[in-house]
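Thank you for passing this chain along for comment. My remarks follow as numbered points, to be read beside the sequence and the coordinates.

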Amino acid sequence: MTILIFILIICLIVISHELGHFLLAKANGITVKEFFVGMGPTLCSFEKGGTKYSLKLFPVGGACVFEGEDGKTDEDEEGKEVPLTAGAFPNASVWARISTVLAGPVFNFILAYLLAVVIIGTTYSDRPVIQDVIDGFPAQEAGIQGGDLITRLDGERVYLSREIGLITMLRQGETLTVEYSRDGEIYETVLTPKLDEESGRYLLGFQGYAEYFKCSPLQVLQYSYYEVRYGLKATVKSLQMLVQGKADKNEVSGPIGIAVLVDDVAEQTRPYGLWVMIVNMMNLAMLLSVNLGVLNLLPLPALDGGRLVFLLLEVIRGKPIPPEKEGMVHLAGFAVLCGLMVLIMYNDIVKLIQ
């Protein structure tokens with residue numbers, strides 16, 4: 001069951017990403033040679049409209065292959081180069097190529113939003129409303145009361161209760177500016193977290209800060225946006241922690257780690273019924289889709305963000321970077337990413353054994 005759910009989630013996210021590239025390529029008249037899901041040997045395939053559609057053995061990726069991608073040309077049966085057609089990727093306008101490359105991550109965000117609409121529309125959402133305060137802690141001393149709505153935390157606009165947990169977790173022990181609303185009036189105070197001897201954590205003194213409610217149809221659209229926004233913030237802040245050395249390597253996971261997470265969620269939610277498990281899986285898929293969208297926009301070779309860098313340089317220079325040089329950069333970047341993936345998978349296996 002875990003393996004099946006894992007495959008469904010990964011395939012959904014990958015198909016969404018590659019479908020973005022595919023649709024914009026078709027709209028821009030770019031020839032798509034192959035659209036495949038998975039990696040490794042081909043399990044089955046068919047051809048339609050000049051595009052080969054394939055399903056590969058390992059469900060951990062996919063690709064939308066354009067004609068002339070990275071300046072490459074095809075070869076005939078005798079090994080001779082075949083000239084690129086008018087629909088080749090390099091022959092499209094630079095803005096057509098930019099939109100095609102950008103479409104993959106954008107479709108990941110669209111998928112995340114659609115999943116959020118289903119989740120919020122069938123369950124509930126939450127507001128950052130203080131339920132109570134802890135005696136002797138900064139929140140109580142500053143006059144914050146149960147029922148106060150947190151609107152900003154350290155200058156960041158807050159819409160969901162989980163954003164409070166995210167910000168305070170990343171800034172343990174740091175002084176925070178808190179803006180809150182009470183009876184329509186806006187108040188602001190400065191809180192310095194206090195160390196709780198029992199838990200060993202720095203606390204502001206909020207004893208519960210989530211108010212759950214059923215959304216109206218318009219609120220479903222609004223709070224679904226807030227859900228995707230939260231996923232974006234969490235992903236970006238996690239990457240910042242990783243770069244700054246504040247995150248441990250055990251907090252980074254690859255396909256194996258995701259499969260373990262899927263299994264954990266399934267085990268924890270199964271006693272509450274099938275629908276609860278499905279909703280939690282959709283929530284996991286939503287966060288992973290946002291994560292994939294953000295990671296692909298990083299300006300690294302072999303990723304969509306790396307390709308966008310070369311295309312933007314072409315806009316600035318007025319001419320493209322020589323294809324052979326760009327291809328070498330992407331090839332080197334792909335080798336590094338493969339090495340990084342191997343390390344992450346090794347780390348996942350070690351954690352699983354432990």
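**Notes on the sheet and its surroundings**

1. Strands β6 and β8 are paired in the antiparallel sense, with 4 bridges between them. Within this pairing, Ile150 has Tyr180 in β8 as its bridge partner, which gives a convenient pair of residues to pick out when checking the register on screen.

2. Please keep in mind that this is a predicted model, for which the chain has a mean pLDDT of 88, with 96% of its residues at 70 or more. Confidence in the chain is highest in helix α2 (residues 94-122), where it stands at 96, and lowest in strand β3 (residues 74-75), where the mean is 64. Where pLDDT is low, the predicted coordinates should not be read in detail.

3. Taken as a whole, the sheet discussed here is an open one of 4 strands, arranged in the order β7-β6-β8-β9 and paired in antiparallel fashion. Its edges are formed by β7 (156-157) and β9 (185-191), each of which pairs on one side only. Helix α4 (residues 161-170) packs on this sheet, where it touches β6 (149-153), β7 and β8, and the direction of the helix makes about 40° with that of β6.

4. How many bridges link β8 and β9? Strand β8, which covers residues 176-182, pairs with β9 over 7 bridges, again in the antiparallel sense, and Ser181 is the residue that stands opposite Ile186 in β9.

5. On the other side of β6, the antiparallel pairing with β7 comprises 2 bridges, and here Leu153 stands opposite Glu156 in β7. The hairpin made by β6 and β7 has 2 residues between the strands, and in it Asp154 adopts a positive phi near 55°; I would ask that this backbone angle be mentioned in the description of the hairpin.

6. Is Gln172, in the loop between α4 and β8, buried or exposed? With a relative accessible area of 37%, Gln172 falls between the cut-offs of under 20% for buried and over 50% for exposed, and is therefore partly exposed. Once its neighbours within four places in sequence are left aside, Gln172 is in contact with Arg201 and Tyr202. A further relation across the sequence concerns Leu203, which lies 31 residues from Gln172 along the chain, while the C-alpha atoms of the two residues are separated by 8.2 Å.

Note on methods
Residues are numbered from 1 along each chain as its sequence is written. This is a predicted model: local features need pLDDT of at least 70, side-chain atom pairs count only at pLDDT 80 or more; totals for chains, interfaces and linings use all residues. Side-chain values use heavy atoms; hydrogens and water are left out. Two strands pair if DSSP finds at least two bridges between them. Contact means heavy atoms within 4.5 Å. Axes are lines fitted to C-alpha atoms, for helices over the stretch in contact, and angles run from 0 to 180 degrees between N-to-C directions. pLDDT is the predictor's confidence in each residue, from 0 to 100. Buried means under 20% relative accessible area, exposed over 50%, partly exposed in between (1.4 Å probe, protein chains only).
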